[in-house]
Amino acid sequence: MDKKILITGGTGYIGSHTAVELIHQGYEVIIVDDLSNSERRTIESIEKITGKKPEFHQFDLRDFSSLAALFNENKFDGIIHFAAKKAVGESVENPMLYYDVNLNSMLNLLKLMELHNVSNLVFSSSCTVYGQPSQLPVTEDTPFSLAESPYGHTKQIGEDILHHTTRTNRQLQALSLRYFNPVGAHPSALIGELPVGVPANLVSFITQTAAGLRAKLKVYGNDYDTPDGTAIRDYIHVVDLAKAHVRAIERMLNHEQKKSHEYFNIGTGKGSSVLEVIQAFEKINHIKVPYEVVDRRAGDIVKIYADTTRANHELNWNAQLNLDDMMKSAWTWQKTLIT
Ligand code: NAD
Ligand code: WQD
C-alpha cells in the first residue's frame, strides 16, 4: 500500500509542487484546502503532470468537525501543513485574522493527530523567524529575533507549539522547514504562483512588469550596506523546495529523526541582490524590466541567506537549480497567465 500523506494548503503555490513530487515518488496524496488563496483547477494540473488525481477536500482547517471526519476516514502516514495566511502587510493590518487562521489550523491538526495516533508532521516555517540576523549565513541555531510582523510571529509560535507538544505527546514527531525565498514554477508551466492583487514579492512583481501588467518595478532602496546597495535574499526554486518535503517525510517514516522536533533551513546558501535578480531575469529571458529606485521598504531585512549544512547532511537534500532556472520558469509560468 502506498503511504498516505495529507497535504493541507495543497492547491497553493508550494503545496501543489510538493504534491507533484510526492506523487512522483509513489505516495498517495490527499489535499485539504479552502481555496481562499488558490484555485480548484490546480488539482487537474497536478493530474496532468503526474497522471494521478489527488483526492481533494475543500474546507477551512478551523472547521474541526470536517477535519475530524477526514481523520475518521483515513489513516495518515504523515501530514505536511502548508495551509496558512502569508501576506506580511495584511497581517500587520489584521493581526487577529493571522493568529486565528494560522494557529487554530495547526491546533486542530495536532488535536486530531494525537487522537488518531498520527505521528509525522512537516511544518512550513520561514526564514522570517530569524528577523534581522546579526551573523551570516544564518544557521538553525541563530536565535529568533522579535517578530517583525504578526505573520512572522505565527511561524515562531507554530515552531514553539511543536517543540512543546512533541515533548508531551511521545507519539508525535515534527519537522519544521524554514523556507528562504521560494520563487519559480514547475517546468511544465502547469502550476506556479497565483498572486492575488498587486504582488508584494519581488519575482512576481518582476514577471508582471515584464508582461506589461505593471508599469514599473520599484526597487526598495539602493543605499544598503551591500555590494550594489540593494537588499540580499536567498532565492530558492520551488521545485527544489518541494523535494525537501519529500526528504522530510522520508526521514520521518524511516525513523531517522534525532529529536522529536527538528528544524532545517531550506535555501541555496547563496545571496542575490535585487539588482542581480532583475539582471538574471532580463538576461535569461531576453526581456527588459523597467524599474526605478525608490525609498527603502519599512521593515525590510538588509541581507539574509542560509547556512544549509544541516539540510545537506541530515536531510540528504541539496538545491539543484540556480537563479537562471528560477527566472526562466517564473517567466514561462507568467506567460501562461497572460493568454
Ligand atoms: P499559498 O497561499 O499559495 O498556499 C497556502 C494554501 O493554504 C492556499 O491554497 C490557501 O487557499 C490555503 N489555506 C489558507 N488558509 C487555510 C485554511 N484555514 N484552511 C484550509 N486551507 C487554507 O502559500 P504558499 O506560498 O504556498 O505558502 C505555503 C506555506 O509556506 C505557508 O504556510 C506559508 O506561510 C509558508 N511560507 C511561504 C513562503 C513564501 O514566500 N511563499 C515563505 C516561507 C514560508
Ligand atoms: C525581496 C527583496 C524587497 C518587491 C517576504 C516575507 C517573508 C517570506 C518571503 C514567508 C526585498 C525587494 C520587493 C518589490 C523590491 N515569506 N523588493 N521591489 O521581503 O524577503 O520576504 O517573502 O514566510 O516572510 O516578508 O521577499 O519578495 O517581498 O522581497 O525591491 O516590488 O525584493 O525590498 O529586498 P521578503 P520579497
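**View 1. Residues that surround ligand 2.** In this predicted model, 18 residues stand around ligand 2, and Ser126, Tyr151, Lys218, Arg233 and Asp300 come nearest (a residue is near if one of its heavy atoms lies within 4 Å). The shell holds 10 nonpolar, 4 polar and 4 charged residues (Ala, Val, Leu, Ile, Met, Phe, Trp, Tyr, Cys and Pro count as nonpolar, Asp, Glu, Lys and Arg as charged, and the others, Gly among them, as polar). Strand S8 (residues 217-220) gives the most to this shell, with 4 residues (strands are DSSP runs of E, at least two residues, and helices runs of H or I, at least four, numbered from the N terminus).

Residues are numbered from 1 along each chain as its sequence is written, and chains are lettered from A and ligands numbered from 1 in the order in which they are written. Local features need pLDDT of at least 70 and side-chain atom pairs pLDDT 80 or more, while totals for chains, interfaces and linings use all residues; side-chain values use heavy atoms, leaving out hydrogens and water.

**View 2. Polar atoms facing ligand 2.** A polar side-chain atom of Arg233 sits 2.4 Å from an oxygen atom of ligand 2. Polar backbone atoms take part too: that of Lys218 is 2.6 Å from a ligand nitrogen atom, and that of Tyr220 is 3.0 Å from a ligand oxygen atom.

**View 3. The open sheet.** Here 7 strands follow the order S3-S2-S1-S4-S5-S6-S11, with parallel pairing (two strands pair if DSSP finds at least two bridges between them). Strands S3 (55-57) and S11 (261-266) are the edges, each pairing on one side only. Between S2 (residues 28-32) and S3 there are 3 bridges, and Ile31 has Phe56 of S3 as its bridge partner.

Technical notes. Polar contact = N/O pair within 3.5 Å; in protein donor to acceptor, adjacent residues only side chain to side chain.
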